[in-house]
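Me: I have a structure open and I'm new to it. Could you walk me through how to read it, one feature at a time?

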Amino acid sequence: MSHFTVLVIGDDVEGQLAPYSEHIEVDPYVEDCWCTGREDLPEDFECDDCKGTGKETTTYNPNSKWNWYMTGGRWRGYFKLKAGKEAIDVGGSGVFGNAPVHDADVALAGDIDWERMVNENKKSAEKTWEKAQEENRDVRYKLLVCGIREDDTKESYIKRCSYPCTFAVVKDGEWYEQGSIGPFAFGFAKDELDPTNWAEIWWKLVYDLPPDTKLTLLDCHI
Ligand SMILES: [Zn+2]
């Protein structure tokens with residue numbers, strides 16, 4: 001159960017997200033019960049859910065990705081706009097009434113000031129890196145709190161943090177997320193990008209969009 005960011009590319013946000021709702025019930029299908037293959041259960045364990053068959057019938061949407069979402073939310077005002085450009089929409093705040101970080105949650109791709117967003121990210125990554133060094137933080141703290149990997153140099157860390165990047169992207173009704181895809185999913189050549197570098201894939205995909213493409217930033221929950 002957590003909140004995460006989703007970038008929806010194009011119109012019909014609701015329609016593009018609909019197939020991924022946890023609230024959808026699909027035709028009943030059989031799947032392995034949670035108890036199947038569990039080695040940590042006692043030998044005489046009797047599963048109430050499947051009555052020992054190891055199988056269960058369910059109507060749960062196997063493509064579930066969200067059970068709630070709103071525009072903006074915790075990340076309200078995600079996009080920085082170029083001077084003189086106007087937001088199509090600024091979404092509502094999260095439960096703590098957060099003010100917008102930048103200017104918009106719905107905007108045209110060509111109106112977004114990506115360079116400034118990248119520069120801000122770079123500056124903040126540089127600060128985080130320097131602070132972690134000054135405070136002599138251990139490897140674990142660096143990774144969990146700052147996202148600094150053991151083999152990072154200052155340059156590699158700042159580069160990785162510099163891309164604005166959402167947890168998932170929905171494009172043409174397809175859901176893509178960190179860890180689940182390679183760059184070829186978006187039509188990039190297989191060896192064009194590092195398939196493990198989601199931030200870079202995200203950046204290449206979004207930066208090259210036609211300027212009149214509508215982008216929407218959602219706060220999603222599952
Ligand atoms: Zn069972």
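Me: What is the mean pLDDT of the protein?

Reply: pLDDT is the predictor's confidence in each residue, from 0 to 100. Here the mean is 90, and 91% of the residues reach 70 or more. This is a predicted model, so local features need pLDDT of at least 70 and side-chain atom pairs count only at pLDDT 80 or more, while totals for chains, interfaces and linings use all residues. Residues are numbered from 1 along each chain as its sequence is written.

Me: How many helices and strands are there in the protein?

Reply: Helices (H or I, at least four residues) and strands (E, at least two) are DSSP runs, numbered from the N terminus. You'll find five helices and nine strands in this one. Along the sequence they read β-α-β-β-β-β-β-α-α-α-β-β-α-β. Among these elements, strand 6 (residues 106-108) has the highest mean pLDDT, 98, and helix 5 (residues 198-207) the lowest, 83.

Me: Which domains does the assignment give?

Reply: Domain bounds come from an automatic or database domain assignment. For this protein, that assignment gives domain 1 (3-21 + 65-221) and domain 2 (25-60). Their C-alpha centres lie 37 Å apart.

Me: Now strand pairing. Which strands are joined to strand 4 by bridges?

Reply: Two strands pair if DSSP finds at least two bridges between them. Strand 4 (residues 68-73) is joined to strand 9 (residues 214-221) by four bridges, and the two run antiparallel. In that pairing, Thr71 stands opposite Leu218. Two bridges also join strand 4 to strand 5 (residues 92-93), this time in parallel. There, Gly72 has Gly92 as its bridge partner.

Me: What percentage of the residues count as buried?

Reply: A residue is buried if 20 or more other C-beta atoms lie within 10 Å of its own, exposed if 12 or fewer, and partly exposed in between; C-beta atoms are placed from the backbone. Of the 222 residues here, 22% count as buried. Try helix 4 (residues 154-162): its buried residues are Tyr157, Cys161 and Ser162. Seen down the helix axis, these fall within an arc of 130° (taken from the directions from the axis to the C-beta atoms), so they line one face of helix 4. Glu155 and Ser156 are exposed, on the face turned away from that buried side.

Me: And which residues touch the most other members of the largest nonpolar core?

Reply: A nonpolar core is a set of buried Ala, Val, Leu, Ile, Met, Phe, Trp, Tyr and Cys residues joined through C-beta atoms within 7 Å. The largest has 27 residues, and Val6, Leu7, Ala107 and Trp202 touch the most other members. Strand 1 (3-9), strand 6, strand 7 (168-171), helix 5 and strand 9 each give two or more residues to this core. Helix 5 gives the most, five residues. A second, separate core has five residues, including Ala125, Trp129, Ile148 and Cys161.

Me: Let's finish with one residue. Where is Cys47 placed, and what does it touch?

Reply: Cys47 sits in the loop between strand 2 (25-32) and strand 3 (55-60). Contact is the idea to know here: two residues are in contact if their C-beta atoms, placed from the backbone, lie within 7 Å. Not counting residues up to four places away in sequence, Cys47 touches Cys33, Cys35 and Gly52. Cys47 is partly exposed because 16 other C-beta atoms lie within 10 Å.
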